[in-house]
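Here is a friendly walk through one protein model, with a few stops at its surface, its charged pairs and its cysteines. Have a look at the sequence and the structure first.

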Amino acid sequence: MYNGYNFARDNKDTIIVTCNYRLGIMGFADFSQIPGGEEYTDLNLAIRDHICALQWIKNNIENFGGNPDNITIFGESAGGWSVSALLVSPLSKGLFHRAIIQSGGLPIGDVEDAQEFAEYICEASGCTTMDELKKITAEEWIQLDTDNWIADECCGLVCDGVVIPEEEHWDAVLQDKINDGVSIMMGANADEWNYFKADAEGDTDEEKFNSWYEGMNDLWDDVYDKCDSAGKATMDKIYETLEAQIPEKYAKDKVTKDALTKSKFCTESWRLDHNRFADRYAKLGGTVYMYYWDVPSTLDEYYKSSVHAVELAYVFNNLDDGIYAGEVDENVAGEAQAAWTIFAATGDPSIGEHNWVPYSTGNRETMIIRKNGWETVNDPMGEVRDMLESIGAYNLIW
């Protein structure tokens with residue numbers, strides 16, 4: 001899915017570099033409170049790996065025909081979190097010039113979360129000291145993780161004051177990026193949360209559906225219960241608005257329609273973080289280009305909708321890799337890849353007849369990417385976004 005061969009082949013002036021980085025157990029825990037772990041005080045190791053990779057690229061890419069003064073970072077999902085983290089990290093200053101965030105917000109925990117994750121790792125592995133942890137081999141860690149789903153408890157990004165500063169300092173860091181000319185392209189997909197049905201627990205499609213549906217029901221009920229009477233009325237209005245958008249093809253029974261409506265609620269709640277970040281960057285004077293991906297998967301298991309990760313086959317122009325997209329439209333793939341690469345080259349993703357208008361806090365200009373044409377729309381799903389913001393949905397959910 002991430003094979004860069006076609007990307008490099010079709011863009012002779014572009015060099016694509018992918019890098020591995022520490023995840024889960026190795027990437028985010030704080031072991032400093034574990035006996036013998038007092039010296040392990042560096043946190044957000046995954047982001048530190050990205051920074052090391054960018055330093056290497058900055059220092060060496062010229063030897064491969066690259067331009068150290070025109071580096072673009074891009075990532076999807078957790079990779080989008082990484083890009084967002086690098087934007088607010090003072091340690092990444094001067095290491096890149098463009099940033100593309102695909103379906104990734106900026107969820108930040110605190111050091112206590114990283115310490116709790118380290119304790120969970122110890123419990124799952126049966127270790128009580130750092131020396132015991134260090135004796136476990138990589139193969140044993142993989143098996144422990146497989147058996148205990150340790151990484152599912154991962155705290156993720158944490159505010160350590162070094163790699164990621166307190167949020168009150170983000171504006172100053174972002175302003176430094178803006179002063180360095182860093183422009184952003186970012187967006188999400190129209191039906192992100194439908195992806196998670198296929199990824200839910202269970203061996204059969206029915207079991208996966210039930211698990212996925214139960215989780216969204218619990219989330220919806222939790223938010224609803226936290227709302228006052230006015231908030232509950234707003235939730236009812238949100239439901240009514242989203243339910244009307246569910247295709248009749250997949251709404252033949254009440255349960256499926258309810259599941260898809262609540263999935264859309266999760267998707268739009270998630271998008272709040274994208275809009276907030278875009279608003280923040282644009283308000284500071286930065287250049288942002290926003291997209292809304294509405295080229296659907298052709299797979300029934302994803303309800304033929306624009307699920308999480310569906311755009312990856314298009315961006316990388318890997319037409320034969322339809323794990324999420326199904327049958328990839330060659331024309332859309334060519335246009336998407338062209339937009340991503342021209343943005344990397346110039347900081348403006350406009351291609352051909354697709355004039356991409358920069359995002360502003362007043363209009364929230366967004367490029368809707370569809371199979372049969374692209375168009376700029378001001379604040380898509382704006383009515384729902386306003387209602388979600390009015391009840392504080394993002395904070396209640398995430």
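## A leucine in a loop

Let us start at Leu299, which is partly exposed with a relative accessible area of 23%. Please keep in mind that this is a predicted model. Leu299 sits in the loop that runs between strand E6 (288–293) and helix H13 (312–315). Follow the chain from there to Glu327 and you will find that Leu299 and Glu327, 28 residues apart in sequence, have C-alpha atoms 8.1 Å apart in space.

## Two patches on the surface

Which residues form the negative surface patch? They are Asp110, Glu112, Glu116, Glu119 and Glu123. Helix H5 (residues 111–125) supplies the largest share of this patch, with four residues. Glu116, for one, lies in helix H5.

There is a nonpolar patch to visit too. Ile15, Val17, Trp56 and Phe64 make up a nonpolar surface patch of about 400 Å². Phe64 belongs to the loop between H3 and E1, and it is exposed, with a relative accessible area of 54%.

## Salt bridges

Across the whole structure, a search finds 22 salt bridges. A good one to begin with joins the side chains of Asp69 and Lys58, at 3.7 Å from N to O. Asp69 lies in the loop between helix H3 (45–60) and strand E1 (72–76), while Lys58 is in helix H3, so this pair ties together parts that are 11 residues apart in sequence. Asp69 is exposed, at 56% relative accessible area, whereas Lys58 counts as partly exposed, at 24%. The loop that holds Asp69 is also the home of Phe64 from the nonpolar patch.

The next pair stays within one element. The side chains of Asp258 and Lys262 meet in a salt bridge at 3.2 Å, N to O. Both residues lie in helix H12 (residues 254–283), where they are four residues apart, or about one turn of the helix. Is this pair buried or exposed? Asp258 has a relative accessible area of 12% and Lys262 has one of 8%; because buried means under 20% relative accessible area, each of them counts as buried.

## A charged network

Another salt bridge brings together the side chains of Asp379 and Arg385, at 2.6 Å from N to O. Asp379 is buried, and Arg385 is buried as well. This pair has company: Asp279, Arg364, Asp379, Arg385 and Asp386 are linked in a network of salt bridges.

## Cysteines without partners

How many disulfides does the model hold? The count comes to zero. Cys52 is in no disulfide, and the nearest cysteine sulfur to it, that of Cys19, is 10 Å away. Cys52 counts as partly exposed, at 46% relative accessibility.

Cys155 is in no disulfide either, with the sulfur of Cys154 as its nearest cysteine sulfur, 4.9 Å away. Why does that pair not count? A disulfide needs the two sulfur atoms to be within 2.5 Å, so a separation of 4.9 Å does not qualify. Cys155 is partly exposed, with a relative accessible area of 21%.

Technical notes: Residues numbered from 1 in each chain as written. Predicted model: local features only at pLDDT ≥ 70, side-chain atom pairs only at ≥ 80, totals over all residues. Heavy atoms only, no water. Patch = residues over 30% accessible without salt bridge, like charges linked within 9 Å, V, L, I, M, F, W, Y side chains within 5 Å. Areas by Shrake-Rupley, 256 points an atom, 1.4 Å probe, with all protein chains shown as cover. Salt bridge = Lys/Arg side-chain N within 4 Å of Asp/Glu carboxyl O. Lys, Arg positive; Asp, Glu negative; His and termini not counted. Charge placed at Lys NZ, Arg CZ, Asp CG, Glu CD. Helix = DSSP H or I, 4+ residues; strand = E, 2+ residues; numbered from the N terminus. Buried < 20%, exposed > 50% of the residue type's maximum accessible area, 1.4 Å probe, protein only.
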